[in-house]
Amino acid sequence: MNRSNFVSRACGALGLSFVLLATGCGREEPKVYRIPKESAALPPAQGLPHGHPEINTAKPKLSWTLPEGWVEAGAGQMSLANFNLSGDGGKQAQVSVTPLQGLAGKEVPIVNMWRHQVGLPELAAEEVQRQLQEVEIAGEPGKMFEVASPPDASNPPMRIVTAMVHRGDTSWFYKLQGDADLVAAQKPAFVAFLKSVKLDASGATETARETAATPPPTEAAPVAEASSKTPPGWRSVPPGPMQSSKFLIPEQGSAKGEVTISVFPNSTGGTLANVNRWRGQIGLSPIGEAELAKMITRLDPRNSEVILVDMTNPDTRRQLIGAILPKGGQWYFYKLMGDAEAVAPQKEAFTAFVKAEL
Amino acid sequence: MLDRLWKVLTSLRLTAVLLALSILLVFVGTVAQADEGLYTAQERYFKQWWVFGISFFGHRLPIPLPGGYLLGMALLVNLLAAHIQRFQWTWKKTGIHLAHAGIILLLVGQLVTDLFSRETQLHFYEGETKNYSESGREYELAFISDVDEELAEVVAVPVASLTAGGEVRHERLPFRVRVKKVWRNSEPSFRAPAQEHGPPLTTNGIAPHFDFRPVPEAKTMDEKSIPTALIEIVGANGSLGDWVVSGWAGDDHLVSAIRSSYGRQMRSAQMGDAIARRLTQPQTVSAGGRDYSFTLRPVRAYKPFSLTLLKATHTTYPGRPDIPKDFRSRVRLQNPETGENRELEIYMNTPLRYGGLTFYQYQMAAGEMARQAGATPSSTLQVVRNPAWLTPYAGCLIVAAGLTFQFMYHLVGFLSQRRRVA
């Protein structure tokens, strides 16, 4: 083969390679294949991508008797329960309950960590042991210690009372911290709270609260469920998605209706948006703020956001009575909807049902 | 004319120009990563024949540049042509030939790797069996229909090939897919029952429950773009409706993240479950006498064998629960074609090489943290298919052998000459 022949062949081969590569080797083409049938199941509730573990999935069940004046503030990223305490002159304190792993027997660094937090020097091991007091926590012997911030003109005095108990390889920390005077005043209530705690580590996911003797008005309400408060004739049925409770009301001939309760962490758009959404559900056109003001009934003289609306579509005879109840940092949406013949007789019972949660 | 071209192809001047352009391209492509993101820059500057317009410190300059493919191919051609032109079989030049052959192998190997290698991930929970791995970044629109009691047929259309206003037709699908909108990256938000919303993208499937909005494409390595598209499925007798398909609904990782996130926000795991179920509810159309479910999911690569995660072990250093010491997956490999059924361990520096694939231990959610969180332990394996994985080793060895030979040849010649003089 002479050189020019070789050159033209080589160029031809390379040109072909260019064309093949330029077409991208079919990467963007649809693929067809057969596979064994797969079942569609929800993946386990795991953390964000890249394996970040979620803290707030299954947690031990905790119950307690709520001391007077304490306000539940729900669970946090690490804590199972939080409470807010208020005192005179705007003084604030918080209580948290947090289980942590692998800290049994590490009282000395724990105490010193808290001391560091309020700006105190570290203590020697013997001194730490002397400062630990015996306390009963959830029926078990635990330890408690206090740290208080040194006098500082720029910051209000701060005090932390920490109680801890080790169960297996989990250490439970109960921490009362905040304004020094308020913390000192609340310490007896805190000790009583520690005694009242009941712990079931069987893996249930919700925390539960026993009713205190006199619940304060701002206390967070549990989602209403079938109970002695449920009006007669209402039948509890499994709630649908996004609902926390659902009841069927007594039928009047062929007329039917139901009550649903949903809870959200915010007002989900405000009263007008909610009312207009409800109006749409029974075929009514949206209204403005002026009309809204005329049709709402306020259920709580202390809170103008607690409202009730009653709407009926005269053409379809569909009626919707809705109530919005913001409470404890959550918004409860009550809805009685159905045929007017069935809904109207239940209005009084429905209103009382909502008011019972105030 | 041909001789002139040949002269250019074999010239050292061309080599110098190409190397200079390569340096320029690497510089410009690296700077552009700040504006365009790592993966876009790689695609636009290095995996292209030409680059039209460059990003330079926040400025868009209308400058054309030869792309990575063109420069690599031109260097290869230049090297080959020079070799053909100057090739002489003498002992004196054997080392040079070997070194050049090694470089050619490196260039070809890199091209083959770029074109044919594939990295996917296999994420599974303890007790779960999987026979497929998934792409970390690429998504596909998969239409799935039952063939018989046991088998399903999948027609998977790469999302990269979807364009707004475009249409997808396939001989195995009895309908056309009109792409009305396609967002390379998107964010979902739950249409809470009482939230103030505009109208949903469509009233079918997941759209009444979730809003999606476009967001800028991910730019860094630890972010990824999650595509969403609004499609219309058109059968033989007209439209079968508009549907929203989103990577947020078809990617298990993202669904579990949404489930946890809403569960936390609403302080109710049940609420999180309910929202996740709405997101993953099957979307189906009937056409040509069959039901077709469709989902936008990470591109899947199915294997003729399966792996079951038996145990995920995450150990840490004593006293330092935040520093991982070992990630280790105990898996069962089952291959119905060969009858294999064996247990093995995959851990750092000890991957599983099987079926032309390499399974590396990649990520893990196990151990104390996962146990404390009540999470099901899981493991992620990086699955690499690279038919050219040996070429860098072979290329470097050949280059080293060539240079050693050349050095020794000259050394021996020099020593014998000196002996003769002495």
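How many helices and strands does chain A have? Chain A has eight helices and 17 strands. The model is predicted. Chain B holds ten helices and 18 strands.

The table sets the two chains side by side.

| Chain | Residues | Buried | Contacts joining residues at least 24 apart, among those at least 6 apart |
|---|---|---|---|
| A | 358 residues | 41% | 50% |
| B | 422 residues | 45% | 58% |

**The seven-stranded sheet of chain A**

Chain A contains an open sheet of seven strands. Its order is β11-β12-β13-β17-β16-β15-β14, and the pairing is antiparallel. The edge strands are β11 (235-237) and β14 (297-298) of chain A, each of which pairs on one side only. Helix α5 (residues 271-281) of chain A packs on this sheet. That helix touches β15 (307-313), β16 (318-327) and β17 (330-339) of chain A. The direction of α5 makes about 155° with that of β16(A).

At the β11 edge, β11(A) pairs with strand β12 (residues 245-248) of chain A. The pairing is antiparallel and runs over three bridges. Here A:Val237 stands opposite A:Lys246 in β12(A).

A further helix of chain A, α8 (residues 347-355), has four named residues that are buried: A:Phe350, A:Thr351, A:Phe353 and A:Val354. These residues cover an arc of only 160° around the axis, so they lie on the same side of α8(A). What do the buried residues of α8(A) pack against? Their partners are β12, β13 (257-264), β15, β16 and β17 of chain A.

**The four-stranded sheet of chain B**

Chain B has an open sheet of four strands. The order is β6-β7-β10-β11, again with antiparallel pairing. Strands β6 (167-168) and β11 (238-246) of chain B stand at the edges. Each has a single partner strand, so one side of each is left without a neighbour in the sheet. Strand β7 (residues 176-183) of chain B pairs with strand β10 (residues 228-235) of chain B over seven bridges, in the antiparallel sense. B:Val182 has B:Ala229 in β10(B) as its bridge partner.

**Nonpolar cores**

In soluble globular proteins, nonpolar side chains tend to be buried together. The largest nonpolar core in this model has 41 residues. Which residues have the most contacts inside it? They are B:Phe175 and B:Ile231. Leaving aside residues up to four places away in sequence, B:Phe175 touches B:Phe143, B:Val168, B:Ile233, B:Val234, B:Gly235, B:Val285, B:Ala287 and B:Tyr292. A second, separate core has 28 residues, including A:Leu80, A:Leu85, A:Val95 and A:Val183.

**Aromatic pairs**

The whole structure has 26 aromatic pairs over all chains. One of the pairs is A:Phe83 with A:Phe193. Its geometry is edge-to-face, with 5.2 Å centre to centre and 75° between the planes. Why does this pair tie together separate parts of the sequence? A:Phe83 lies in strand β4 (residues 81-86) of chain A and A:Phe193 in helix α4 (residues 180-196) of chain A, so the pair joins parts that are 110 residues apart in sequence. Both A:Phe83 and A:Phe193 are buried.

Chain B contributes an aromatic cluster. Its members are B:Phe143, B:Phe175, B:Trp243, B:Tyr292 and B:Phe294. B:Phe175 thus appears in this cluster and among the residues with the most contacts in the largest core.

Terms used: Residues numbered from 1 in each chain as written. Chains lettered and ligands numbered in written order. Predicted model: local features only at pLDDT ≥ 70, side-chain atom pairs only at ≥ 80, totals over all residues. Heavy atoms only, no water. Pairing = 2+ DSSP bridges. Helix = DSSP H or I, 4+ residues; strand = E, 2+ residues; numbered from the N terminus. Contact = heavy atoms within 4.5 Å. Axes fitted to C-alpha atoms, helices over the stretch in contact; angles between N-to-C directions. Buried < 20%, exposed > 50% of the residue type's maximum accessible area, 1.4 Å probe, protein only. Arc of directions from axis to C-beta. Core = buried A, V, L, I, M, F, W, Y, C linked by side-chain atoms within 4.5 Å. Phe/Tyr/Trp six-rings, centres within 6.5 Å; stacked < 30°, edge-to-face > 60°.
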